[in-house]
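Visitor: I would like to go through some labels given to this model and hear what each one rests on.

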Amino acid sequence: MSESKRFIKDVPVRDVKFSVIIPAHNEEKYLGECLESIAKAAQPYKNQVEVIVVLNRCTDKTEEIAKSYNCVTLENYDKNLSKIRNAGAALGKGEILITIDADTRMTEHLLSVVEKHLASNQYIGGGVNGNLERISIGIVVSTMLLIVPLLFKYGFISVGIFWCYKKDFQAIKGFNENMLMAEDADFAKRLKQWGKKNGKKYGTIKNGMITSCRRFDHYGDWVLLKRPDMILAYLKGNNHKAANEAYYEDQAR
């Protein structure tokens with residue numbers, strides 16, 4: 001692997017601008033493409049980007065792939081995405097924290113746009129929207145069945161990839177570890193509220209990512225029409241059985 005695709009590790013805090021956190025449970029199928037996308041986005045920031053892969057009960061080649069890119073790795077056994085992400089963030093040395101899922105790829109200019117937004121002093125941080133690898137009527141219906149009730153509960157927010165200064169992540173105490181599902185929407189709402197207190201906006205970077213359809217590939221495109229109980233579980237956020245099915249015990253999460 002070329003040095004340009006290897007991230008920094010074991011360097012002083014002053015040398016790290018971005019810390020990218022990736023929760024990973026048996027992600028050998030997706031992690032390489034995710035890391036490739038980060039490496040491209042990191043090209044303007046040579047030797048300033050660290051990637052922290054939180055290895056959550058992995059039994060495949062996830063760790064091997066992460067180490068081939070010189071990622072920081074951390075073993076974790078929680079069935080709780082908030083705890084997993086928070087554990088990675090606690091290790092981060094960067095001024096700016098980014099969270100991304102292993103089955104998602106960031107676009108080439110995302111890190112540059114994040115830096116520009118934060119440097120403007122107008123944004124507290126924010127989320128990213130983008131495209132799915134494929135689309136269908138069933139996926140649109142399922143997505144809307146989840147988005148609309150979450151919109152009423154959490155307001156207008158974007159999730160996908162999060163970005164903010166580490167000091168602000170710490171100020172709102174990161175992700176809520178009492179939530180097993182929709183922890184991303186909860187984080188976005190609290191970051192937005194923190195921004196309002198500080199006279200800053202919650203930003204959305206448009207077309208900044210591409211994410212997989214693995215859950216739809218596994219369960220079917222109309223899954224949420226057939227499973228209204230799962231929508232209710234997302235709204236409550238603390239259903240262990242539903243969370244295990246959606247994320248922690250199923251490879252299609």
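Visitor: Which residue follows α10, and what is the sign of its phi?

Guide: G237 comes after α10, and its phi is positive, near 85°. The model is predicted, so local features need pLDDT of at least 70 and side-chain atom pairs count only at pLDDT 80 or more, while totals for chains, interfaces and linings use all residues. Residues are numbered from 1 along each chain as its sequence is written, and side-chain values use heavy atoms, with hydrogens and water left out.

Visitor: What makes α10 a helix with a buried side?

Guide: A helix is a DSSP run of H or I with at least four residues, numbered from the N terminus; α10 spans residues 228-236. M230, I231, A233 and Y234 are buried (under 20% relative accessible area; exposed is over 50%, partly exposed in between, with a 1.4 Å probe and protein chains only). These four lie on the same side of α10 because they cover an arc of only 160° around the axis, taken from the directions from the helix axis to the C-beta atoms. P228 and K236 are exposed, on the face turned away from the buried side.

Visitor: Which helices do the buried residues of α10 pack against?

Guide: They pack against α5, α8, α9 and α11, where contact means heavy atoms within 4.5 Å.

Visitor: Why is C71 in no disulfide?

Guide: A disulfide needs a pair of cysteine sulfur atoms within 2.5 Å. The closest cysteine sulfur to that of C71 is in C34, 8.9 Å away, so it is too far for a bond. The whole structure has 0 disulfides.

Visitor: Why is C58 called partly exposed?

Guide: Its relative accessibility is 25%, so C58 counts as partly exposed, whereas C71, at 0%, is buried.

Key
Helices (H or I, at least four residues) and strands (E, at least two) are DSSP runs, numbered from the N terminus.
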